[in-house]
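Please open the structure in your viewer and keep the selection tool at hand. The tour proceeds by one selection at a time.

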Amino acid sequence: MRAQLIAGNWKLYKNLAETKAFLAVLAGQTQQAPQVEQVLFAQAPLLPLIGEEWQRLGAPGRLAWGPQNLYWEEKGAFTGELSPVLARELGSTYALAGHSERRQFFGETNETAARRALAAHAFGMKAVFCLGESLAERDSGRTMAVLKEQCQPLFAQAREAPEGFCFAYEPVWAIGTGRTATNAQAQEAHAFLRGLVQEAWGAEAAAKTRILYGGSVKPENAKELLAQADVDGALVGGASLDPLSFLAIAAAHKG
Ligand code: PEP
């Protein structure tokens, strides 16, 4: 069975003091969700603080962290990018790649998202590779075709499954809108994605690969979404900013 993963995407939120305050609450409450792996995707300058604080608090739970984006080159004249080597040095064990906000505002493509995701693995981390359709694409019945297109460069660049690779299915119309995919819509997309993984990387990889759902996950809807057979966790934006709601979502995991 795939162990569920609950990841928070803090986007461009939280300063140093807010990060410390969040971790203090999380550390005090870990008995609520003791078995589930939790990951925080934070702005890069917060990563060393998360590591230091978590150690200082006695590392009471299964917390991992990582950047919201990283580059595929280790070093060079690439102003504004984050080196995967530095991300790893800062204790990152996961990295987000291809988030829809990167695609929408910063020109991320299926090709570059795949390169970033695979760089995470090349430098000792695990990727959470985000994909999902827009509302227009869903309304015109193109959801599955879009998911397939979004995966193509990834499968072309990686002939075998990178160990621990994760997908996050995030319908763009559900991100930050308060509108969540129905349980059936999520399950259908996840099962389809698992089929794509099986075609590209084989049955064993498909059975092992975790596919998270993201898009307005809240404590109120987490349990049902996480109960779907092919939903292996959640990628949570807004509701991950409050440690108690993040924990409540983590506590809804199915194993
Ligand atoms: C996200 O940022 O990946 C996300 C799913 O955001 P929200 O939970 O706020 O919809």
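Select His99 together with the ligand: a polar side-chain atom of His99 lies 2.8 Å from an oxygen atom of the ligand. Please note that this is a predicted model.

Next, add Glu170 to the selection. One of the polar side-chain atoms of Glu170 is found 2.7 Å from an oxygen atom of the ligand. Then add Gly238, where the backbone takes part: a backbone N or O atom of this residue lies 2.8 Å from an oxygen atom of the ligand. How much of the ligand does the protein bury? Taken alone, the ligand exposes 290 Å², and the protein buries 95% of that area.

Now display the residues around the ligand, of which there are 14. Those that come nearest are Lys11, His99, Glu170, Gly176 and Ser216. Colour this shell by residue character, and it divides into 4 nonpolar, 8 polar and 2 charged residues.

Hide the side chains and turn to the strands. In which order do the 8 strands of the open sheet lie? The order is 3-2-1-8-7-6-5-4, and the pairing is parallel. Select residues 63–67 for strand 3 and residues 94–97 for strand 4; these are the edge strands, each of which pairs on one side only. Viewed from strand to strand, the twist averages 25° from one to the next.

Finally, select strand 2, residues 37–42, along with strand 3. The two pair in the parallel sense over 5 bridges. Which residue of strand 3 stands opposite Leu40? Select Trp65, which occupies that position.

Conventions
Residues numbered from 1 in each chain as written. Predicted model: local features only at pLDDT ≥ 70, side-chain atom pairs only at ≥ 80, totals over all residues. Heavy atoms only, no water. Near = heavy atom within 4 Å. Polar contact = N/O pair within 3.5 Å; in protein donor to acceptor, adjacent residues only side chain to side chain. Areas by Shrake-Rupley, 256 points an atom, 1.4 Å probe, with all protein chains shown as cover. Nonpolar A, V, L, I, M, F, W, Y, C, P; charged D, E, K, R; others polar. Pairing = 2+ DSSP bridges. Helix = DSSP H or I, 4+ residues; strand = E, 2+ residues; numbered from the N terminus. Axes fitted to C-alpha atoms, helices over the stretch in contact; angles between N-to-C directions.
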